[in-house]
Every structure is written in C-alpha cells, then in structure tokens.
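Here are my notes for you to go through with the structure open beside you. Take them one at a time and find each spot as you go.

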Amino acid sequence: MSTINSDPECLFCRIVAGEIPAERLYEDDEIIAFRDVNPQAPFHCLVIPRSHIATLNDVTQDQAELVGRLLVVAARIAAEHGHAQDGYRVAMNANRHGGQSVYHIHLHVLAGRQMGWPPG
Ligand code: 5GP
Ligand code: ZN
C-alpha cells in the first residue's frame with residue numbers, strides 16, 4: 001500500500017480521518033468517495049485519495065496508478081447509482097482559474113441532469 005500523507009489543516013484529510021462527517025459512498029485502502037455538501041446536480045459526489053495531494057500539479061509519476069484508480073472508482077459509483085447509461089460528468093478543478101476551492105485533489109462526479117458544454 002502507498003504511503004498516506006495527511007495535512008491536519010486540510011478539510012478533506014479531516015473527512016478521511018473521520019473528524020468531519022460525510023456521507024460515504026465508497027472506500028478502500030487508498031480512496032474514499034462521499035456526497036458533496038453543496039450538490040450541483042441531482043447526484044454529486046467527490047472521489048479523493050486518502051493521501052493528501054494538494055493539486056493535480058503535485059501528482060508525481062509514482063502516483064499515476066492511484067490517480068487512474070480515482071477514475072475507475074468514479075465510473076463504478078456512477079454505475080452503482082444508475083447513471084452509466086444516461087451519462088455523467090467527471091471533473092477535477094486545478095488552482096484558481098480551474099475553480100479549485102479545496103486543496104486536496106478530488107474528482108467531481110455529477111449526474112442526473114443534462115450537463116452544459118463548455119463549462120462556465
Ligand atoms: P472544488 O471547488 O475544490 O473543485 O470542489 C470542492 C467541493 O467540496 C465543492 O463542490 C464543495 O461543495 C465541497 N465541499 C466543501 N466543503 C465540504 C464538506 O465539508 N463536506 C463535503 N461533503 N463537501 C464539501
Ligand atoms: Zn488533504
């Protein structure tokens with residue numbers, strides 16, 4: 001198993017640690033997924049590594065498999081909630097122009113309505 005880094009100041013590290021409650025939809029030894037507190041679609045969950053990685057810019061080559069697994073978990077959760085056929089949006093925001101507000105990488109999984117393109 002890969003090393004789990006934790007930042008005590010980080011909101012999502014605190015969710016990983018169970019210090020802040022979240023409705024968990026999936027967990028394994030490297031990844032957890034939970035519902036977004038402010039959903040932007042009928043289904044909106046976040047898929048995150050347990051280990052603290054601040055932004056996509058900070059992902060290293062040896063974390064490539066972990067980051068790939070975030071996508072696999074996202075697809076599995078979307079399917080489990082009945083959204084595989086109609087489809088869904090997966091997004092990761094990076095830094096200010098990307099609209100990132102929590103600096104612990106996370107995939108958004110949005111489903112249950114027609115998504116717009118391009119995103120705002
Ligand atoms: P970002 O803006 O960084 O791409 O996404 C951060 C997401 O985290 C937002 O969609 C926001 O609603 C969600 N979020 C912020 N604080 C909490 C929290 O305490 N619990 C949960 N479940 N989601 C949160
Ligand atoms: Zn963190």
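1. Start with the sheet in this predicted model. Five strands make it up, and their order across the open sheet is 1-2-3-5-4, with antiparallel pairing. At the edges sit strand 1 (24-27) and strand 4 (88-91), each of which has a partner on one side only. On average, neighbouring strands are turned by 15 degrees against each other, if you ignore direction.

2. Now look at strand 1 and strand 2 (residues 31-35). They run antiparallel, and three bridges join them. To see the pairing, find Tyr26, which stands opposite Ala33 in strand 2.

3. What packs on the sheet? Helix 2 (residues 64-80) does. This helix touches strand 1, strand 2, strand 3 (43-49), strand 4 and strand 5 (107-111). Compare its direction with that of strand 3 and you get an angle of about 155 degrees.

4. Next, go to Val59, in the loop between strand 3 and helix 2. Is Val59 buried or partly exposed? Its relative accessibility is 22%, so it counts as partly exposed; buried would need a value under 20%. Setting aside residues up to four places away in sequence, Val59 touches Ile53, Val67 and Ile105. Arg113 is another matter: 54 residues along the chain from Val59, with 31 Å between the two C-alpha atoms.

5. Leu110 belongs to strand 5. With a relative accessible area of 11%, Leu110 is buried, because the cut-off for buried is under 20%. Not counting neighbours within four places in sequence, its contacts are Gln40, Ala41, Phe43, His44, Tyr88, Arg89 and Met115. For a distance to check yourself, try Leu110 and Ala94: they are 16 residues apart along the chain, and their C-alpha atoms are separated by 17 Å.

6. Two bits of backbone deserve a second look. Why bother with them? Because most residues other than glycine have a negative phi, and most peptide bonds are trans. Asn95 isn't a glycine, yet its phi is positive, near 60 degrees. You'll find Asn95 in helix 3 (residues 95-98), and at 31% relative accessibility it counts as partly exposed.

7. The other bit is the peptide bond between Trp117 and Pro118, which is cis, with omega about 0 degrees. Look for Pro118 in the segment after strand 5.

Methods:
Residues numbered from 1 in each chain as written. Chains lettered and ligands numbered in written order. Predicted model: local features only at pLDDT ≥ 70, side-chain atom pairs only at ≥ 80, totals over all residues. Heavy atoms only, no water. Pairing = 2+ DSSP bridges. Helix = DSSP H or I, 4+ residues; strand = E, 2+ residues; numbered from the N terminus. Axes fitted to C-alpha atoms, helices over the stretch in contact; angles between N-to-C directions. Contact = heavy atoms within 4.5 Å. Buried < 20%, exposed > 50% of the residue type's maximum accessible area, 1.4 Å probe, protein only.
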